[in-house]
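Trainee: Could you take me on a close look at one part of this protein, the pocket, and show me how its surroundings fit together? I would be glad of one connected walk-through.

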Amino acid sequence: MKHQVTENEEGMRLRDVLRQSMGMSYTAMKSAKWDGRILVNQLPRTVNQPVHAGEWIEVPDKEALPMYSLTPCYRPVSIAYEDDDLWIIDKPAPLASQSSERQSDDTLENMLYAHLGCPADFIYRPVNRLDKGTSGLMVVAKTAHAQYRLQRLLHTDEFRRTYLAVTEGIPKMPQGIIDAPIAKEDAASIKRVIDPAGKLSVTRYQVLESDGRRSLIRLQLETGRTHQIRVHLAYLGCPVCGDFLYGQELPELPGRFALHSEEVLLHHPITGEWLTIKSPLPAELRQLLAPTHL
């Protein structure tokens, strides 16, 4: 993370530039301070000292490597967008987003690790995650600072994600807002349920087309609960096609279900640029609707 002090920042305390102009969290600043990683013109400086226009502030990343070992996966990575701070990756399905002790073979993390040449200091920084059975756009940060800034934008007007789902059945209303709290079914289960005591969960939806038995629906998350779209569509009586957990598995969709991350609208927190990246609905999901409606 680097920043050149501007004329307007002349004489400000270093800590204020770190927090206000560079968007560094208090915890990250404290950690960097104790590690001696806060540099001005490549020399350590205490955070209470003033800075001057033209000086370069640098805070090198220091993060813990993952506890599990990474196995490179040499499948091609579909990169929809890339710059110095982030990737927007078009994830296929079925594919786990992240590795773990239980999931250590084919994952997006291992694919990206192989794509970069298996660097010893590789750290995977997903900003948002997609279920193994969900395809589409997913944002991965290149630095800890970018990840922190991006995660603060999640579920705001500066970071919008839109999904497409093919569902069994047709919602009664062609568009609307699903406002239904979600909780874990029980402590041992991965399944979520609608529960008045659960966490606030809001999804906007619009029916794009229907063939009389299935629907193509566009959805936007206002909150980010685990399985939120899948739970909310099942609550409407229109579960996602192929969803083994909240509907019925389909042989046409081995290992996946008909949910796709279609669009990312992002106000880049580092460059200030507005990005709109899209990914079309995969052919195997379009084929679930009758041909006359494709």
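Mentor: Happy to! A word on terms first: helices here are DSSP runs of H or I with at least four residues, strands are runs of E with at least two, and both are numbered from the N terminus. With that in hand, the protein chain has six helices and 16 strands. Please keep in mind that this is a predicted model.

Let's set the scene before we zoom in. The C-alpha atoms fill a box of roughly 65 × 40 × 40 Å along the principal axes. The protein chain has 294 residues, and 46% of them count as buried. If you take contacts between residues at least 6 apart in sequence, 64% join residues at least 24 apart. The chain exposes about 14900 Å², and carbon and sulfur atoms supply 50% of that area.

Now for the part you asked about. The largest pocket has a volume of about 850 Å³. Its lining is made up of 31 residues, and those nearest the centre are Arg129, Leu130, Asp131, Thr226 and His227. Two elements give two or more residues to this lining: strand 9, spanning 159-168, and helix 5, spanning 228-235. Helix 5 provides the largest share, with three residues.

Let's follow helix 5 a little further, since leucine 233 has its place there. Is leucine 233 buried or exposed? Buried means under 20% relative accessible area. Leucine 233 has a relative accessible area of 0%, so it counts as buried. Setting aside neighbours within four places in sequence, leucine 233 is in contact with Ala165, Thr167, Ile217, Leu219, Cys238, Pro239 and Val240. Look back at the range of strand 9, 159-168, and you can place Ala165 and Thr167, two of those contacts, on that strand. For a sense of distance, leucine 233 and glycine 198 are 35 residues apart in sequence and 17 Å apart in space, C-alpha to C-alpha.

Strand 9 also takes us to another space. The count comes to one cavity of 30 Å³ or more, and the largest cavity has a volume of about 40 Å³. Its lining consists of His155, Thr156, Phe159, Arg160, Arg161 and Leu221. Strand 9 gives the most to that lining, with three residues. To draw the picture together, strand 9 contributes to the lining of the largest pocket and also to that of the largest cavity.

Conventions
Residues numbered from 1 in each chain as written. Predicted model: local features only at pLDDT ≥ 70, side-chain atom pairs only at ≥ 80, totals over all residues. Heavy atoms only, no water. Buried < 20%, exposed > 50% of the residue type's maximum accessible area, 1.4 Å probe, protein only. Contact = heavy atoms within 4.5 Å. Areas by Shrake-Rupley, 256 points an atom, 1.4 Å probe, with all protein chains shown as cover. 1 Å grid on protein atoms, 1.4 Å probe; cavity = no way out; pocket = protein on both sides within 12 Å on 5 of 7 lines; lining within 4 Å. Points joined across faces, edges and corners; volume = space filled by probe spheres on them.
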